[in-house]
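The following exercises are to be worked through with the sequence and coordinates at hand. Each task is followed by a solution in steps.

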Amino acid sequence: MYQEYFGLKEQAFSIAVNPRYLYMSKQHREALAHLLYGAQGGGFVLLSGEVGTGKTTIIRCLLEQLPENTDIAIVLNPMASTLEILGSMCDEWGVKYHTDKPTVKTITDALQGFLIENHTRGHNSVLLIDEAQLLQPETLEQIRLLTNLETTTKKLLQIILVGQPELNELLAQPRLRQLSQRITARFHLKPLTFEETQSYINHRLRVAGMPEDRNPFTPRIVKRIHDFTGGIPRLINILCERTLVGAYGNNKHQIDNSIFQAAQREVSGADAKSSPSAFKQYWNTTTASITSAVAVALVFVLFLIGNNGQEATEAEANTSPAMPATQTAPTNTTVTPPASHPLQTQATPQPKTDAPVAIGSHEIKDYTKAQELLITYLNFPVTSETHPCWQLTRQEIKCQDDKLRTWKELSDLNRPVILTLTTPAKFVAYAVLIGMNDDEALLITDTGQQSTHALAELGPSWTGEVFYLWHKPRGYNEPMAVGSQGRTVRWVAEQFAKIDNQPRPLTKGKFNDALKERIKFFQREQGLEADGILGTNTLMKLNEILGLDTVLERNFNDNQASNNY
């Protein structure tokens, strides 16, 4: 349809993974080089990045460039048990083991025998684990033990870990320090810059066959696309696809402001010009990963039926899955979009039913409404021009998802959060919690009022999933320890100097032993594990002391709870 109109041989902005369309920016070339290094004797290699930044595409490209003597096993279900993952490795490599009553020991013995035999044949054995942030620490430790097999010059098993930024926090746990120390190369994929976004769009158009003398995207429109998507390739694809459909439907060969705004409204599911909450539906749609393709396809069909786009907007609103995460994300994830950098989480589909859903007074059916209430309560300024988490990222504010087990863990987190609930009718609902004491929680209702509810009432319906925001120091992407350096280390040292009334900080930029001991002392004071590692929990506690983050209200009463915030 529109491909022929623009002189394209195929769809240029499909979100399906296709190595032919891999845009090799400088950082993508470096990322691929890291993986190739790991596949040829690099020990443990780590590739991290937010959802939609191109990790899976790089993996596909890696598979096409592996030497012929490389035998690779790919684990795509990291949430499986240790025994199941070891069994999957055997299946990938064709290793025979006792399937009647398999144990970790019998499977490990079989794998070790294979690794030795494969080495004698002159072959490299590579294990690649995608979404590795979902692995259990016990499974990671068991896999590490397999790397103890080595010759005098190399390991018999090379391991590539690919995952979201939370993978770095997982590996920073003290019990995984031996594994973390064996990581020989780390690389973190960041969103594209404006210049890279422009090159990325041009690259996909050329690969799809567009003639050199044509380009429907002017630099000004590309700038708007970059601002709206935050430089996330997957989101760029979705928006560019909609603009091309819009231009085709309006018989135009170049994207103008009216077409871009129409596409923006359709992607966001709201009127981006007139609605102060235009991000609401967009947050749902774009964080749904591959599922978003269904909505985009349906919008395309309906757009051709009527050029005004009204049907398309309604169709997308009815098919878009709602967030959150966790992507996702497992929780610990970045709001999909994306974390750091845009945060992305996995999508939690909203129940589809014509029957009425029983929602209590404290429960909010619409997740985006809950997010809007939380952001408003925290007084974070956002507009409808782009995704709120990307706007907040520019202010060093990070959207974060987590999975907690108890009210004590939430109390220790000490931040207003969105709770994910399961109603008695087994539907998904949400609650915005802004305060708690030993017995009660202070919530914001969907009407904007505050109300108190017993923890015993909320407990059975809370899934443990939470969403919150915190001020992330500029330059912080992963836990830091002795030897690390950068602006985060300098900033932390400066804050401790202020707290201690010292004339100068313990370091000007390099993480030294003195700073480690100061952090350990601070961690003991705050009830954290005193490991001397500068991680998320330590930084958030430091923010509390400095007054950078809003904390939970502890003293509240019925009079307060009845007032609007």
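**Exercise 1.** Leaving aside its neighbours within four places in sequence, with which residues is T488 in contact? Place T488 in the secondary structure and classify T488 as buried or exposed.

*Solution.* The model is a predicted one.

Step 1. T488 belongs to helix α20, which covers residues 487-499.

Step 2. Once neighbours within four places in sequence are set aside, the contacts of T488 are P473, R474, G475, Y476, M480 and L534.

Step 3. With Y476 there is also a polar contact: the side chain of T488 reaches the backbone nitrogen of Y476 at 3.1 Å.

Step 4. The relative accessible area of T488 is 2%, so this residue is classed as buried.

**Exercise 2.** Determine which backbone atom the side chain of T229 reaches, and at what distance.

*Solution.*

Step 1. Helix α10 spans residues 219-229, and T229 is found in this helix.

Step 2. The side chain of T229 lies 2.8 Å from the backbone oxygen of I225.

Step 3. T229 has a relative accessible area of 0% and is therefore buried.

**Exercise 3.** How many aromatic pairs does the structure hold? Describe the pair formed by Y5 and Y248, and explain which parts of the chain the pair ties together.

*Solution.*

Step 1. The count of aromatic pairs is seven.

Step 2. One of them joins Y5 and Y248, with 5.4 Å centre to centre and 70° between the planes. The angle is over 60 degrees, so the geometry is edge-to-face.

Step 3. Y5 lies in helix α1 (residues 2-5) and Y248 in helix α11 (residues 233-249), so the pair ties together parts that are 243 residues apart in sequence.

Step 4. Y5, at 18% relative accessibility, falls under the 20% limit and therefore counts as buried. Y248, at 28%, counts as partly exposed.

Step 5. Ring pairs also bring in F6, which forms a cluster with Y5 and Y248.

**Exercise 4.** Analyse the aromatic pair of Y23 and Y200 by geometry, by position in the chain and by the accessibility of Y23 and Y200.

*Solution.*

Step 1. The ring centres of Y23 and Y200 are 6.0 Å apart, and the planes make an angle of 80°, which gives an edge-to-face pair.

Step 2. Y23 is in the loop between α1 and α2 (26-39), whereas Y200 is in helix α9 (residues 194-207). The pair links distant parts of the chain, 177 residues apart.

Step 3. Y23 has a relative accessible area of 14% and is buried; Y200 is also buried, at 6%.

**Exercise 5.** Consider K426 and N501. What is the sign of phi at K426 and at N501, and where do K426 and N501 lie?

*Solution.*

Step 1. Although K426 is not a glycine, its phi is positive, at about 65°. N501, likewise not a glycine, has a positive phi of about 55°.

Step 2. K426 sits in the loop between β7 (417-422) and β8 (428-436). N501 sits in the loop between α20 and α21 (513-525).

Step 3. K426 is exposed, with a relative accessible area of 67%, and N501 is exposed at 68%.

**Exercise 6.** How many disulfides are counted? Classify C61 and C90 as buried or exposed.

*Solution.*

Step 1. The criterion is a pair of cysteine sulfur atoms within 2.5 Å. By this rule the number of disulfides is zero.

Step 2. C61 counts as buried at 8% relative accessibility, and C90 counts as buried at 0%.

Notes. Residues numbered from 1 in each chain as written. Heavy atoms only, no water. Buried < 20%, exposed > 50% of the residue type's maximum accessible area, 1.4 Å probe, protein only. Helix = DSSP H or I, 4+ residues; strand = E, 2+ residues; numbered from the N terminus. Polar contact = N/O pair within 3.5 Å; in protein donor to acceptor, adjacent residues only side chain to side chain. Phe/Tyr/Trp six-rings, centres within 6.5 Å; stacked < 30°, edge-to-face > 60°. Contact = heavy atoms within 4.5 Å.
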